[in-house]
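This briefing gathers what can be read from the coordinates of one protein model, arranged by topic. Please keep the sequence and the structure in view while reading.

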Amino acid sequence: MRVRTIFLVLFSLQLILASLQFSSSQLLHDSGISSSALDAILQDYAFKAFYMPKTGVPYDAKLPKNLTGVSVSAMRLRSGSLRNRGVQSYKEFQIPVGVVEEPYVERLVLVYHNLGNWSEFFYPLPGYTYLAPVLGLLAYSGADLSASELPELDIRASDKPISIEFSNVKSVPSGSVAKCLYFDLQGSVQFDVLSRGNVCSTFRQGHFSIVVESTAPSPAPSPEPVAVVPVVKESGGNKKSKVWIIVVSVVGGCLLLFILGLLVARVRRTKKGMKIQQLEWAADSNETLQMTSIGGTKAPLAVGTRTRPTIENDYIP
């Protein structure tokens, strides 16, 4: 019974430690989650946004607080309608006629991503600066809207490309040239010419943005340089992440101390009970007798007698 109790306490400790580790891993800013894993998570939330969906209508997904700043939307379409009519406007995307998917499905879902202030975190690009958030357009089978971790379909435009018209684009630094940026599903990076009106084009799905090279020409030195102390500002998401880490650590530490106290008290009571049992046993049994089997029962056996018989006189008959 004592071993079983200790085992249960140790098992509870392992469960608490595992839950704390899982809670900490949900803080995306402190984890090394990949872009493909992020696509699977956003696909799950996008499909949950459907409630009696109508064809061709976008539905915005509700994301958890640790993804604040990210926007996700989903639109269900018929494969034939996408190929014959296209989509006039889906957020920043304009899908022309002639887009087909592989493998063929009767219904498909177009999932839209806007990574916002998480763009550089999930799609780091050394040597370049983002002027616009990373936008994504991915296609999935729409046969089962409750499915998760679905593989992406391969959609391609034939005659005309898919257009992406970016909004809220930062101004281009002096001496720099803005470029269209394209990430495919395998993580490869491609650059293209930015069209007038901050428009990029593509024939395939993926993630897109506008960037400039960080190594811009250095300005002429001023006659009286002034030292500027950089001020590091923390975003609201970082502050919230740190607060959650502190809260989880404090709560986890209190739980561990409480369970360790219970374990120590249990061990002390067990040791005290064993000592009492030993004293009672020693008081009840002053002498230990050997046991032997007689028939189907056991009985004490005396090895020898305490006094030996002697002859009282020397009379011999």
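**Strand 10 and its surroundings**

Strand 10 shows two unlike faces: Ile-162 and Ile-164 form the covered one, while Ser-163 and Glu-165 form the uncovered one. In a regular strand the side chains alternate between the two faces of the sheet. The model is predicted, and local features are described where pLDDT is at least 70. The points below begin with the sheet to which strand 10 belongs and then turn to loops, backbone geometry, the largest pocket and the protein as a whole.

**The four-stranded sheet**

- Strand 10 is part of an open sheet of four strands, which follow one another in the order 3-4-10-13 with antiparallel pairing.
- At the edges of this sheet lie strand 3, residues 87-90, and strand 13, residues 199-202, each of which pairs on one side only.
- Neighbouring strands of the sheet are turned against each other by 20° on average, when direction is ignored.
- On one side, strand 10, which spans residues 162-165, pairs with strand 13 in the antiparallel sense over four bridges, and within this pairing Glu-165 stands opposite Val-199 of strand 13.
- Strand 4, residues 93-95, is also antiparallel to strand 10 and is joined to it by two bridges, with Gln-94 standing opposite Ser-163 of strand 10.

**Pro-96 in the loop after strand 4**

- Pro-96 is found in the loop between strand 4 and strand 5, the latter covering residues 100-102.
- Because its relative accessibility is 14%, below the 20% limit, Pro-96 counts as buried.
- Leaving aside residues up to four places away in sequence, Pro-96 touches Leu-82, Gly-86, Lys-160, Pro-161 and Ile-162, and the last of these, Ile-162, belongs to the covered face of strand 10.
- The C-alpha atoms of Pro-96 and Arg-83 are 8.3 Å apart in space, and the two residues are 13 apart in sequence.

**Backbone geometry in the loops**

- Most residues other than glycine have a negative phi, and most peptide bonds are trans.
- The peptide bond from Glu-102 to Pro-103 is cis, with omega near -10°, and Pro-103 lies in the loop that connects strand 5 with strand 6, residues 107-114.
- Met-52, a residue other than glycine, has a positive phi near 50°; its place is in the loop between helix 2 and strand 1, residues 58-60.
- Met-52 is classed as exposed because its relative accessible area of 66% is over the 50% limit.
- Asn-168 likewise is not a glycine and has a positive phi, of about 55°, in the loop between strand 10 and strand 11.
- With a relative accessibility of 74%, Asn-168 counts as exposed.

**The largest pocket**

- The volume of the largest pocket is about 360 Å³.
- Its lining consists of 17 residues, of which Asp-184, Leu-185, Gln-186, Gly-187 and Gln-205 are the closest to the centre of the pocket.
- Helix 2, residues 35-48, and strand 11, residues 179-183, each contribute at least two residues to this lining, and helix 2 gives the most, with three residues.

**The protein as a whole**

- The secondary structure comprises five helices and 16 strands.
- Of the 317 residues in the protein, 30% are buried.
- Among contacts between residues at least 6 apart in sequence, 68% join residues that are at least 24 apart.
- The protein exposes about 21,900 Å², of which carbon and sulfur atoms supply 58%.

How values were computed: Residues are numbered from 1 along each chain as its sequence is written. This is a predicted model: local features need pLDDT of at least 70, side-chain atom pairs count only at pLDDT 80 or more; totals for chains, interfaces and linings use all residues. Side-chain values use heavy atoms; hydrogens and water are left out. Buried means under 20% relative accessible area, exposed over 50%, partly exposed in between (1.4 Å probe, protein chains only). Contact means heavy atoms within 4.5 Å. Accessible areas come from the Shrake-Rupley method with a 1.4 Å probe; for residues, only the protein chains shown count as cover. Two strands pair if DSSP finds at least two bridges between them. Axes are lines fitted to C-alpha atoms, for helices over the stretch in contact, and angles run from 0 to 180 degrees between N-to-C directions. On a 1 Å grid over the protein atoms alone, a cavity is a set of points where a 1.4 Å probe fits but cannot get out, and a pocket is an open set with protein on both sides within 12 Å along at least five of seven lines; lining residues have an atom within 4 Å of a point. Grid points are joined across faces, edges and corners, and a volume is the space filled by probe spheres set on the points.
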